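Work through the following exercises with the structure in view, and read each solution only after trying the task.

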2 protein chains.
Amino acid sequence: MGFRPGLLFNRPGDQSMKNIGKSLLFLLSFVIASTLVMAKPLATGTGHLGVIIERNAGSVVIVDNIEHKILKRVSGLGNLSHATIVYSKDERYFYTFQRDGWINKVDILYGEVVAQVKAGDNAIGGAISQDGKYISVSNYKPGDIKIIDSQTLEILKVIPATYEGGTGESLQSRTVGLVDGPENQFYFALMDAGEIWQVDAHPPEFKVVHKWKDVGDYPYDALLTGNGRYYVAGFLRSNWVVQLDLWNLEKGPQKVSTLDPNLQSPKVPMYKVPHLSGWGVTNGKAYVPMISEERLMIYDVNDWSSQGSIKTYGTVVFAVPRPDGKEIWLTFAGPKNDTLQIYDIAKGKITKKIKLGKGVMHVQFTPKGEAAYVSVRRKDKVFVLNTYTHETIKELEIKGPSGIFFTNRAHVLGL
Amino acid sequence: MGFRPGLLFNRPGDQSMKNIGKSLLFLLSFVIASTLVMAKPLATGTGHLGVIIERNAGSVVIVDNIEHKILKRVSGLGNLSHATIVYSKDERYFYTFQRDGWINKVDILYGEVVAQVKAGDNAIGGAISQDGKYISVSNYKPGDIKIIDSQTLEILKVIPATYEGGTGESLQSRTVGLVDGPENQFYFALMDAGEIWQVDAHPPEFKVVHKWKDVGDYPYDALLTGNGRYYVAGFLRSNWVVQLDLWNLEKGPQKVSTLDPNLQSPKVPMYKVPHLSGWGVTNGKAYVPMISEERLMIYDVNDWSSQGSIKTYGTVVFAVPRPDGKEIWLTFAGPKNDTLQIYDIAKGKITKKIKLGKGVMHVQFTPKGEAAYVSVRRKDKVFVLNTYTHETIKELEIKGPSGIFFTNRAHVLGL
């Protein structure tokens, strides 16, 4: 475990304290140093701030998306490979969900870790409840989700993802696709069991209120559509996605085919598992990357009818709609990951291919869409592009950048 | 003109300085007092803050929508009847657009006015450009819009809303429905001329790039659909609305009938001009209040086809969708303004009628939708309701409350 700076909450007896007891001297010196150097918070609104993960360095940078500059770097967070974050409702704090099972709570005004907890051995994602009181982490190992107090990071509830194996034995599944939904609910999928569960995020029970079984083989991720109505899960080994209509839960998950009779596209290697967080949902349509195919499938989210497919340059990892919905920006896995492709929804075709260097991965638009931030990992840069002219406005020096998260996500269900 | 506190920017020669020169002594004493009392900014994120207009008192309150409490009151702003505000992109500042033509720029962390300008004699609304650099005000008197530097409040450009009268004379129209659109454009309508104009918010020209004429009689307001695609204007004396597709500007404004052959509803007095800002657009449908009728018209925003109407309790002023889109909450004009009605989209019917007292007007949901703030003017209260149970969580004592604006609006085109 790396050095973990800035634990300012003294909560004897919790897991994090036990784990970092041995680092106390380092910690103390850090706290003193940070008091001298960074005691003053930023006097700033927080609506224009964002966090970019420095995947290999174990650090994150806090950026200003008006001036397009780095404000602070927060280091020593641990293994940030595949790390994701969520924001507190007030945009003051963010929470990291890390491959090493640690969760760091960072004060964005001070650029300091204020609490931390080890909530598993291998985490894949997290969410924050609609009321902001609870965060939840989905773990591969142990197969569970945990409900955690967002103030103190105290673990309030462990929900093991148990299921019955082929010979009747009780197993624990990896969990994926954890999101917050309306009425303070969490939804997630059991990767090894092919199930979707709903948890009511009200204390003290945090009850599992629904378990839907046999939804498909190996769900790998899920999302909530922008309006918070549908929970949609994708599968590694089934030719469908499922949609769960949160307005009509009694209907249960409905299967929607991912086959397109009009566009046979050959299978290619699966370089990377696509992200459902990267599905584009805009203007009543969902743009869904196909597993091991160079194809995006389009659905009408009102009735989940197929609207055909788009042939893409490579296998899509992220399909990110512009905030005004006119275009979808695409990034790719494997050998084609040096390229960004733009699909124009109004014109119904690919209009642009931009090469930015190896490791083009995450795209996030500023909230109103005037600029796009693009991580290019092998270049140690985030390119800030003018959304409309595609000119580079700024290159930010960021070590092995991956996920980019702006604070406006704090206000959207499912993010 | 009332006393205007807290002008901290010394900008000799601008309009506001000329106007408040005579208040200098008051001003000085206020600045000193405020330095003593409020010199420390709030050390806080700003994602959970909001502003509520105290219409008759000439003040606004800054609220916290997590704890549901009043943080500060900012007084002496002038005539706030029909006042509206927009936020800076960083959520640090808000700008008031007032009936008396004044614009106040308020620092939300200090609760203080930091700049002000008189930009007309009678203003009806305002907008902030996508890039955040310019605000724009629409005036009834003089009939124009003005483009103003969002930092300094310097007036950069006056755009008179000129049109040709019946006998060829040049007249100036009242302007309404001013919004910011993608690619840093402003759109607005000329009430007396029946025109829609587009302004390119790039200096130094701030050029009027389009004028669409003969769109209808007496446009009274307009909106941008949530995805930023359609600019839609309503008319006092035409049986249609128009939609302008910003993806296909060459098509120009298209008329969409407001008549419903299947629901003849009698004409009632027009107690109040409805707000297009109060049109509900959610899940691909627009819910549009009809002028002088107790009816909401439903359109499919993909093709603007009529989807029928909903018979309502009174003439609708605001139709506000829940953030998860499942319900529309309605408020009414005239004698029925003591009531809130809830239309359930999933069930396709009115499910609830709640009486809160005379002067129920504005409804704003918290960003993720767990609570609804409702202004009840004659009770001098804002009720905070649990969105799902409709229980009152809190009653805030606010003098003659009208508009309620949360900071997440900073991140949405058209708000």
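A salt bridge here is a side-chain nitrogen of Lys or Arg within 4 Å of a carboxyl oxygen of Asp or Glu. The model to which this rule is applied is a predicted one.

**Exercise 1.** Find how many salt bridges are counted between chain A and chain B, and test the pair A:Lys368 and B:Asp180 against the rule.

Solution. Between chain A and chain B the count comes to four salt bridges. For A:Lys368 and B:Asp180, the side chains are 3.0 Å apart, N to O, and because the rule asks for a nitrogen within 4 Å of a carboxyl oxygen, this pair is a salt bridge. Turning to polar contacts, 17 residue pairs across the interface of chain A and chain B are found, with both residues at pLDDT 80 or more. On the side of chain A that touches chain B, the residues comprise 15 nonpolar, 14 polar and ten charged.

**Exercise 2.** Describe the extent of the interface between chain A and chain B.

Solution. Start with the contacts, in which 39 residues of chain A meet 39 residues of chain B. Next take the area buried between the two chains, which is about 3600 Å², with carbon and sulfur atoms giving 57% of it. In chain A, the residues that lose the most area to chain B are A:Trp247, A:Lys368 and A:His411, which together make up 23% of what that side buries.

**Exercise 3.** Work out how the two copies are related.

Solution. A turn of 180 degrees, with a shift of 0.0 Å along the axis, lays chain A on chain B with an RMSD of 0.0 Å. The two copies are therefore related as by a two-fold rotation axis. In chain A, the C-alpha nearest this axis belongs to A:Thr46, at 2.8 Å. Finally, 100% of the interface residues of chain A are also interface residues in chain B, so the copies meet through the same surface.

Methods
Residues numbered from 1 in each chain as written. Chains lettered and ligands numbered in written order. Predicted model: local features only at pLDDT ≥ 70, side-chain atom pairs only at ≥ 80, totals over all residues. Heavy atoms only, no water. Contact = heavy atoms within 4.5 Å. Buried area = accessible area lost by both parts, 1.4 Å probe. Polar contact = N/O pair within 3.5 Å; in protein donor to acceptor, adjacent residues only side chain to side chain. Nonpolar A, V, L, I, M, F, W, Y, C, P; charged D, E, K, R; others polar. Least-squares fit on C-alpha atoms with pLDDT ≥ 70 in both.
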